[in-house]
Amino acid sequence: MAAWVQQHRPDVHWWCPQLPPSPREAMALLTDGMADWPSTTGVIGSSLGGFYATAVAEQRGCRAVLLNPAVDPARDLTRYIGETTAWHSDERFFFRAEFIDELRAISPAALTQLERYFAVIAKGDEVLGWVEMNERYRGCRVKLLEGGDHALSDFDEHLSEVAAFLGLAATSE
């Protein structure tokens with residue numbers, strides 16, 4: 001996505017920060033970093049990032065694209081309390097018990113303005129259950145993929161649809 005934005009929409013501010021393990025700190029980083037952004041802001045998140053993107057969209061009223069989004073990370077991450085490894089690297093960090101309450105505190109009870117959400121959900125997700133994701137985003141725009149995987153390895157095939165949903169028509173080739 002970053003490469004697409006750089007190539008096709010260099011006028012768009014792309015920001016993809018490394019979020020801290022603390023959900024409270026992660027939301028503070030996002031809130032502070034986006035404080036001066038226009039209402040046309042759009043967010044994209046994958047897995048736990050999809051959970052955060054949902055929280056940001058509810059907070060700011062912006063559009064959100066959710067890629068195999070975590071629905072209930074407070075429940076799902078309890079078994080990872082302690083030292084663990086980052087999903088995409090060997091980086092180790094400590095996931096503390098209080099982070100579970102922080103996740104609960106930022107979890108939107110219900111989604112509002114369903115038209116602002118676009119969820120891309122792979123039935124072959126080996127980490128999260130597609131049925132629960134599909135149910136959470138019922139009434140929203142959902143692209144339910146047969147097969148696939150948690151990482152959405154075929155994301156390039158969905159990129160133009162994601163960009164269009166966010167109002168990011170390509171301005172250069």
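A network of salt bridges ties together Asp72, Arg75, Asp76 and Glu132. That makes a handy way into this structure, which is a predicted model. One link in the network joins the side chains of arginine 75 and aspartate 72, with N and O 3.7 Å apart. Arginine 75 is partly exposed, at a relative accessible area of 39%, and aspartate 72 is partly exposed too, at 28%.

Searching the whole structure turns up 14 salt bridges. Among them is the one between arginine 92 and glutamate 83, at 3.3 Å from N to O. Glutamate 83 has 53% relative accessibility and so counts as exposed, the cut-off for that label being over 50%. Arginine 92, with a relative accessible area of 47%, is partly exposed. Glutamate 98 also pairs up, this time with arginine 96, and here the closest N and O atoms are 2.5 Å apart. Glutamate 98 comes out as partly exposed at 36%, and arginine 96 as partly exposed at 40%.

Next comes the sheet. Four strands make up an open sheet in the order 1-2-5-6, and their pairing is parallel. Strand 1 (42–46) and strand 6 (141–145) sit at the edges with a single partner strand each, so each has one side without a neighbour in the sheet. On average, neighbouring strands here are turned by 10° against each other, ignoring direction. In general, strands of a sheet pair through backbone hydrogen bonds, in either a parallel or an antiparallel way.

At one edge, strand 1 and strand 2 run parallel and are joined by five bridges. Glycine 45 has leucine 66, in strand 2, as its bridge partner. To get from strand 1 to strand 2 the chain passes through helix 3, making a right-handed β-α-β crossover. At the other edge, strand 5 and strand 6 also pair in the parallel sense, over five bridges, and valine 120 has lysine 143 of strand 6 as its bridge partner.

Helix 3 does more than connect strands: it lies across strand 1, strand 2 and strand 5, and runs at about 155° to strand 1. Strand 1 itself has two unlike faces, with Val43 and Gly45 on the covered one and Gly42, Ile44 and Ser46 on the uncovered one. As a rule, side chains in a regular strand alternate between the two faces of the sheet.

Then there is the inside. The largest nonpolar core has 29 residues, and those touching the most other members are Val43, Tyr52, Val56, Leu66, Tyr117 and Tyr137. Two or more residues each come from helix 2 (23–33), helix 3 (48–60), strand 2 (63–67), helix 5 (98–106) and strand 5 (117–122). Helix 3 supplies the largest share, six residues. Another core lies apart from this one and has 17 residues, including Ala122, Phe155, Phe165 and Leu166. Nonpolar side chains tend to be buried together in soluble globular proteins.

Two residues show how the packing looks up close. Leaving out residues up to four places away in sequence, tyrosine 117 touches Thr54, Ala57, Glu58, Ala64, Leu66, Leu111, Thr112, Tyr137, Cys140, Arg141 and Phe165. Threonine 54 belongs to helix 3. Its relative accessibility is 2%, so threonine 54 counts as buried, a label that applies under 20%. With the sequence neighbours up to four places away again set aside, threonine 54 touches Leu66, Pro108, Leu111, Tyr117, Arg136 and Tyr137.

Conventions. Residues numbered from 1 in each chain as written. Predicted model: local features only at pLDDT ≥ 70, side-chain atom pairs only at ≥ 80, totals over all residues. Heavy atoms only, no water. Core = buried A, V, L, I, M, F, W, Y, C linked by side-chain atoms within 4.5 Å. Buried < 20%, exposed > 50% of the residue type's maximum accessible area, 1.4 Å probe, protein only. Contact = heavy atoms within 4.5 Å. Pairing = 2+ DSSP bridges. Axes fitted to C-alpha atoms, helices over the stretch in contact; angles between N-to-C directions. Right-handed = clockwise from strand over helix to strand, strands pointing away. Salt bridge = Lys/Arg side-chain N within 4 Å of Asp/Glu carboxyl O.
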